[in-house]
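Here are a few friendly notes to read alongside the model. Have a look at the sheet and its strands as you go.

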Amino acid sequence: MGVPAARFSPAGGLANALGWFTRTRRKYGMEWWIMIAGMIVILFVVTMTVFPGLFTRFDPNDQNAGGQMKPPSSEHLMGTDNLSRDVWARVVYGARTILGVAIAAALVSALIGIPLGLLSGFAGGTFDRILSLIMDSVYSFPGLILAIAFAAMLGPGVINITLAVAVVYIPTYFRLVRGQTLSIKEEVYVEAARAIGARRPTILSRYVFPNVIATVVVIFSLNIADAIMTEAALSYIGLGLPAGIPDWGMDLSMGKKFLPSGMWWMITFPGLMIMLLALGFTMLGEGLAEVLNPRLLEK
Amino acid sequence: MQSTSETILRVNDLTIHYPISIGIVRAVEGVSFTLADGEALGLVGESGCGKSTLGLSLLKLLRPPGRVTGGSILYRGTDILGLDARSLLAMRGRSISMIFQNPLTSLNPLFTVERHFLETIHYHDPSLSRGKALAATGKMLATLGIEEKRLREYPHQLSGGMRQRIMIGLALIMNPDILIADEPTTSLDVIVEAGFTELLANLRKVYKLSIILITHNLGLVAEIADRIAVMYGGKIMEIGSAQDIFARPMHPYTQGLIDCVPNIQLDQKELVTMPGSPPDLVSPPVGCRFAPRCPKVMPVCTERTPRLLEHAPEHSSACWLYERHG
């Protein structure tokens with residue numbers, strides 16, 4: 001049989017990826033550029049978290065970085081704060097916290113929400129009713145209030161704040177995946193698979209799940225954007241992280257105290273970074289929503 | 001006639017109900033028929049007459065709230081309705097297979113053609129090596145007249161006719177005895193339909209298939225079926241050989257159906273239609289279900305239900321015109 005098994009090679013993978021980018025650029029105009037802009041922003045921040053040393057030579061917790069509350073200068077790009085720390089260094093090292101928490105939270109909620117949504121939609125009946133009721137009641141809480149309640153309950157710490165943020169987004173995945181599952185299990189190809197003897201677990205894993213997951217990718221990106229805001233909000237009101245971990249939300253609330261006395265740089269730069277990163281994920285999500293839309297992919 | 005060969009499927013007094021909020025939809029009521037080995041049976045009727053429901057029930061694929069409330073379906077003597085989940089899975093695709101009316105959506109959009117075949121083979125024979133499975137697939141593609149390069153393509157890259165052929169190939173890859181085809185040509189154009197008919201006739205010979213063809217397309221049954229069962233309002237109104245049904249239809253409904261087929265030689269000015277609409281299956285008419293639309297209706301028709309009786313050799317009809325009453 002003349003069917004060579006597909007094998008992965010790094011060069012081939014790269015060529016494939018590049019090919020995909022070129023093909024999609026030709027097919028989509030604006031959405032493609034929105035997606036790329038989002039990717040660039042995210043890539044920039046990701047580089048910050050991996051190689052902070054490339055961006056700044058200061059330590060974010062160094063209280064002798066060069067004077068108290070100095071405005072931005074060539075030495076300190078974003079000035080220094082009330083404890084003489086370099087604001088730019090805090091921005092660079094703070095990226096690690098917010099990005100890590102947001103992505104981990106989105107992952108945790110996806111890992112809980114997606115299987116529950118799949119099972120609930122596929123099984124139906126009482127199980128589905130009860131689970132939907134629970135999820136809807138969680139969903140009806142304002143997200144931030146729920147996160148605050150959980151953060152207060154769990155106490156400070158990186159893992160706890162991640163869980164508190166994750167809880168907020170579980171119903172988002174659940175509802176999306178359950179809805180998709182309900183519609184896909186009615187598709188003729190699912191019926192056809194049953195008619196030629198596929199088992200229920202097989203139908204769920206090979207026919208329903210892969211067709212559901214495409215929509216999840218988009219929501220995942222948008223969720224990270226939202227989780228960034230929630231994380232920042234939690235640490236802004238002081239429910240987030242123990243002291244010593246540089247964090248944009250915490251710096252924001254610190255900067256607020258000094259804004260009336262004219263120290264604008266302490267609050268502006270972390271705030272801009274939060275906005276930029278959330279915007280990056282939103283743009284990636286919106287762009288992907290168009291580019292990955294299977295209805296548009298079919299000629 | 002096929003009366004000498006062995007009966008492989010016997011449906012006895014099958015009744016299927018859909019309980020819904022406003023009552024019970026009596027989709028199929030007291031349907032009985034047999035299918036001989038190698039025979040092609042056409043199941044003909046209007047939309048909503050219960051023919052698709054009947055088809056699904058033969059594989060026990062009915063979805064809730066649909067439920068078989070009576071009767072039996074004997075496949076080589078075993079009642080399908082009494083099978084456990086495991087035997088049922090083994091039976092689907094291996095003993096009885098089914099294809100559906102919409103070939104455009106009958107394939108998993110994320111599977112290549114090759115993967116469709118390999119998965120299907122794997123469900124039934126997990127121990128078969130990939131090489132052997134691929135060989136079987138290649139042989140099937142050749143029978144279907146599909147080039148091997150299509151193996152690595154996705155459904156959206158194939159035409160409707162090709163997708164339908166792949167569907168049939170999947171249904172037949174495990175060499176089942178019976179193929180149930182539910183409106184297999186509805187969404188295909190006439191040229192593709194002609195090709196499909198030819199393929200089906202060919203596959204029937206190659207695989208020694210028995211076929212149950214569910215359709216409202218009289219042209220298609222005329223070409224494929226040996227026997228025809230005409231359904232109306234969840235009941236079989238007439239059943240007989242294809243020649244008898246077309247040449248000497250007994251039931252007024254069958255006569256009406258045949259009159260509705262446009263005839264190019266007769267220089268018709270207008271299309272013949274049948275007045276009225278299919279019965280409400282929640283509260284079907286008393287007596288014969290066709291009575292309200294029947295041109296030959298008699299008083300007895302709205303009072304008592306006629307039985308499906310053999311009024312000519314191998315030709316049965318449920319109609320008071322032929323049954324003694326009074």
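1. In this predicted model, chain B has an open sheet of eight strands, ordered β6-β7-β8-β3-β9-β10-β12-β11, with mixed pairing. At the edges sit β6 and β11 (309-312) of chain B, each of which pairs on one side only. From one strand to the next, the twist averages 20°.

2. I would look next at β7(B), residues 178-182, which is mostly covered: five of its five residues are buried. How do its two faces divide up? Ile178(B), Ile180(B) and Asp182(B) lie on one side, Leu179(B) and Ala181(B) on the other, and all are buried. That division fits the general rule that side chains in a regular strand alternate between the two faces of the sheet.

3. On to the neighbours of this strand. β6(B), residues 96-99, runs parallel to β7(B), and four bridges join the two. If you want a pair to check by eye, Ile99(B) has Ala181(B) as its bridge partner in β7(B).

4. Which strand pairs with β7(B) over five bridges? That is β8(B), residues 210-215, again in the parallel sense. Two positions help to fix the register: Leu179(B) stands opposite Ile211(B) in β8(B), and Ile180(B) stands opposite Ile212(B).

5. Finally, do follow the connection between these two strands. The chain leaves β7(B), passes through helix α6 (residues 190-207) of chain B and arrives at β8(B), giving a right-handed β-α-β crossover.

Notes:
Residues are numbered from 1 along each chain as its sequence is written. Chains are lettered from A and ligands numbered from 1 in the order in which they are written. This is a predicted model: local features need pLDDT of at least 70, side-chain atom pairs count only at pLDDT 80 or more; totals for chains, interfaces and linings use all residues. A residue is buried if 20 or more other C-beta atoms lie within 10 Å of its own, exposed if 12 or fewer, and partly exposed in between; C-beta atoms are placed from the backbone. Two strands pair if DSSP finds at least two bridges between them. A crossover is right-handed if, with the strands pointing away from the viewer, the path from the first strand over the helix to the second runs clockwise. Axes are lines fitted to C-alpha atoms, for helices over the stretch in contact, and angles run from 0 to 180 degrees between N-to-C directions.
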